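This report describes charged side-chain pairs and a surface patch in a predicted model. The pairs are treated first, and the patch follows.

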Amino acid sequence: MEKKVSIIIPVYNTQKYLKRCINSIIDQTYSNLEIILVNDGSTDNSLEICKEYEKIDERVFIISGENHGVSHARNMGIRKAKGEYLYFADSDDYLETDAIEKMIQGFEKADCELIIAGYNEIENEEKIVRKSWGKSKLKSDDAKKLILDENGVGGYLWNKLFKLSLIKKFEIKFDETIYVWEDVLFVMEYLDKCKYVCLIDDIVYAYCRRAGSAVEYSLYTPQLYTQLNAIEKIDTVVHLDDFTKMLLKYREVRCCLGLIRSMGIGKNIEEGQLKKIREKLNDISEKMVCNKLSTIDKISWLLVKIQPKLFIYIYCLVRKIKQKKMR
């Protein structure tokens, strides 16, 4: 008998894309599914759409509550899930028809605790990038490097298939105080409990980039800052060898500079947060990450150390000049 796969889909005001997502899951070639739709306080027609599918497919279950964010929604889904394997999808994306089947086959062919697959990036309904990393079996410590490497597999949830028993045994859950990098933190904590990871080169998911989606940030918000909290927690609770720690620190520098740029773009400089970001940059050893940084990032880092507001001024000026040239 096919082993059951629990699929968790947080839903928040995505009525325009929701049917496409759910249909892609219902139509999977692998049929033993438990489809958990977690309505996170939607104010549009999303909940009604979920109820339509609950009526026509007995595999569909709805959890509905007030808006507490995607991490809370996923945690609710985990508590509900009863499958052997666990998969997460975003309600504005969709799966390839044989996605679950391909990932299950990966588990059957290799003794491992996590499957990582390929995906397509979609923009304006057209494929723009195909992401795949071939077939291989890795130790979990090597997989951590691939998660943190900017050219690696990423900390996304939707190109991975997890073992639910491992999540429940070690009580791995999403940190509901973190709004950015919450997925990376979850994956890294999961990897800490794994021995082996299997990469498959099959494309299983269509990640649809659109303006206004959860991952499209430009203006600074306090929620955006929480990615630094995620990085700090990874550094504290996850076992990292020296090279992986260097990758994490490199990503921390990049995040810090990105946050300061966001403050400049939005003209909303948070003095307290700016001070914290500057302190974090000062605490990171330049020797540790310097070889990974671009020349622009090195200069940016130096400017922030000397005078962060001068860096913001120069960055915004250069950005404005570039925008004028593009018109």
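Lysine 144 and aspartate 192 meet through their side chains in a salt bridge, at 2.6 Å from N to O. Lysine 144 belongs to helix H5 (residues 140-148), whereas aspartate 192 sits in the loop between helix H7 (182-191) and E10, so the pair ties together parts that are 48 residues apart in sequence. Lysine 144 counts as buried at 2% relative accessibility, while aspartate 192, at 24%, counts as partly exposed. Elsewhere, Glu150, Arg254, Arg261 and Asp297 are joined into one network by salt bridges that share partners.

The structure holds 21 salt bridges in total. Three of them, including the pair above, are listed here with the distance between N and O atoms.

| Basic residue | Acidic residue | N to O distance |
|---|---|---|
| Lysine 144 | Aspartate 192 | 2.6 Å |
| Arginine 209 | Glutamate 121 | 3.0 Å |
| Arginine 59 | Aspartate 57 | 2.9 Å |

Arginine 59 is buried, with 17% relative accessibility, and its partner aspartate 57 is also buried, at 11%. Arginine 209 lies in strand E10 (residues 196-209) and glutamate 121 in strand E6 (residues 114-123), so this salt bridge ties together parts that are 88 residues apart in sequence. Of these two, glutamate 121 is buried at 8%, whereas arginine 209 is partly exposed at 32%.

The surface also carries a nonpolar patch formed by Leu310, Tyr313, Ile314, Leu317, Val318 and Ile321, with about 520 Å² of accessible area together. Isoleucine 321 lies in helix H13 (residues 308-326) and is partly exposed, with a relative accessible area of 42%.

Definitions and conventions
Residues are numbered from 1 along each chain as its sequence is written. This is a predicted model: local features need pLDDT of at least 70, side-chain atom pairs count only at pLDDT 80 or more; totals for chains, interfaces and linings use all residues. Side-chain values use heavy atoms; hydrogens and water are left out. Patches are made of residues with over 30% relative accessible area and no salt bridge: like charges are joined within 9 Å, nonpolar side chains (Val, Leu, Ile, Met, Phe, Trp, Tyr) within 5 Å. Accessible areas come from the Shrake-Rupley method with a 1.4 Å probe; for residues, only the protein chains shown count as cover. A salt bridge is a side-chain nitrogen of Lys or Arg within 4 Å of a carboxyl oxygen of Asp or Glu. Helices (H or I, at least four residues) and strands (E, at least two) are DSSP runs, numbered from the N terminus. Buried means under 20% relative accessible area, exposed over 50%, partly exposed in between (1.4 Å probe, protein chains only).
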